[in-house]
Amino acid sequence: MLADRTTLVQFLIEERRRHPGSSGDLNGLILDVALACKAIANRVAAGALGGVLGSAEQTNVQGEVQQKLDLLANDYFLRSTEWGGHVAGMVSEELDEPYLPPAEYPRGKYLLLFDPLDGSSNIDVNVSVGSIFSILRAPQPGADADPGDYLQPGSQQVCAGYAIYGPSTMLVLSVGTGVHAFTLDPNLGEFFLTRQSIQIPSTTKEFAINASNQRFWEPAVQRYVEECLKGRSGPRHKDYNMRWVASLVAETHRILTRGGVFLYPRDSRDPAKPGKLRLLYEVNPVAYLIEQAGGAASTGRQRVLDVVPSNVHQRISFVFGAREEVERIEDYHSQTYEETSSLPLYGTRGLFRTTPVG
Ligand code: AHG
Ligand code: MN
Ligand code: MN
């Protein structure tokens, strides 16, 4: 096993050798994140025996009820990464405000942003969940991060990844040189490289969307899904399959494994929420991985990684996966905007007016 497999540590050290003079801080931070993920994997795997199922009976800043595991996973992320001197601050889905490590620990040169437990609605039903993380450079290395420091476009990420807690635990990441997947050997407690330079096929016959929101979708999304559903006899001339796990990590992992396209579009349910998924610690890291794997990631109107964030917990619409499908969906957005812009609901002053983001 050890002779013919690369460990995560070995992989990271070999990547670092491409950058002579690098301090090793990034690797240190990634390994601290990997440790948090292993600790979370352990608790997830114990299920009811680990006493972590069920609600914590409190809500986060997003107004969502937190599960016990959301809080536990958040704590593992903070404890495993705050002491090392690699970060100048952190943002978590579960914390209202950005987090500064306790004063006794040195400030580092990176910012860590994370969704400690993604797909919380799946915890109690024993379906795959995950953790998502994004690493940015701190504009003021060595000093406390300011809240505005996190508002960098996703194209500035130096590393992004996720852990998936499924039948096996995997860590999938990119440091800007392709997407690589590692599988946890639970006996050794070590991640081993099991897939290298993952590429997403440019076309697909599988889409993922929560169809229960259909009545709230914009015309472009209505059209795209309707055409898929018409199958072989419709304008796409092929039958489509559909999946919805309700765990972004699991959907991303499926698309990186066998292709597909995912949509969590903006809709008219709540005008204050342009989309459901959070830009900084869900959408940006996934978009980075998808582009690194040759796919596309869009708000429907623009490339995700170009969006300049305005708020650390901001939500945005998200379409990603097979390049040709994403381009088609973007095209439908620009076409239907032209066709419907004279209608009150979709025009420049309507509910679905075109705004710079999402
Ligand atoms: P989280 O558990 O971190 O709040 O994220 C859940 C997200 C995401 O993982 C998934 O794609 C989406 O919510 C599912 O939304 P619906 O419940 O609307 O299907
Ligand atoms: Mn999430
Ligand atoms: Mn979460």
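## Helices α2 and α4

In this predicted model, helix α2 (residues 25–46) has 22 residues and reaches 32 Å from its first C-alpha to its last, close to the 32 Å expected at 1.5 Å a residue. The residue that follows α2 is G47, whose phi is positive, near 55 degrees.

Helix α4 (residues 219–229) has a set of buried residues, namely A220, V221, Y224, V225, E227 and C228. Because they cover an arc of only 160 degrees around the axis, these residues lie on the same side of α4. An α-helix has 3.6 residues a turn, so residues three or four places apart point the same way. Just after α4 comes G231, which takes a positive phi of about 60 degrees.

## The manganese site

The manganese ion (ligand 3) has as its protein donors E93 through OE, D115 through OD and L117 through O, and these lie 2.2 to 2.5 Å from the ion. Along the sequence, the donor residues of this ion (ligand 3) are spaced E-x21-D-x1-L. D115 also bridges two metals, the manganese ion (ligand 3) and the manganese ion (ligand 2), which lie 3.7 Å apart.

E93 lies in the loop between β3 (87–92) and β4 (110–118), whereas D115 lies in strand β4, so the pair ties together parts that are 22 residues apart in sequence. E93 counts as buried, at 3% relative accessibility, and D115 is buried as well, with a relative accessible area of 0%.

## Nonpolar cores

The largest nonpolar core has 43 residues, and those with the most contacts inside it are L256, F262, F318 and F320. Helix α6 (residues 279–292) provides the largest share of this core, eight residues. Domain 1 (8–197) and domain 2 (206–334) both give residues to this core, so it lies between them. In soluble globular proteins, nonpolar side chains tend to be buried together.

Around F262, and not counting residues up to four places away in sequence, the residues touched are A208, W244, L248, E251, I255, L277, F318, V319 and F320. Two of these, F318 and F320, are themselves listed with F262 among the residues with the most contacts inside the largest core. A second, separate core has 39 residues and includes L29, I40, V158 and Y165.

Key:
Residues numbered from 1 in each chain as written. Chains lettered and ligands numbered in written order. Predicted model: local features only at pLDDT ≥ 70, side-chain atom pairs only at ≥ 80, totals over all residues. Heavy atoms only, no water. Donors = N, O, S within 2.8 Å, 3.2 Å for Na, K, Ca; no water. Helix = DSSP H or I, 4+ residues; strand = E, 2+ residues; numbered from the N terminus. Buried < 20%, exposed > 50% of the residue type's maximum accessible area, 1.4 Å probe, protein only. Expected span 1.5 Å × (residues − 1). Arc of directions from axis to C-beta. Core = buried A, V, L, I, M, F, W, Y, C linked by side-chain atoms within 4.5 Å. Domains from an automatic or database assignment. Contact = heavy atoms within 4.5 Å.
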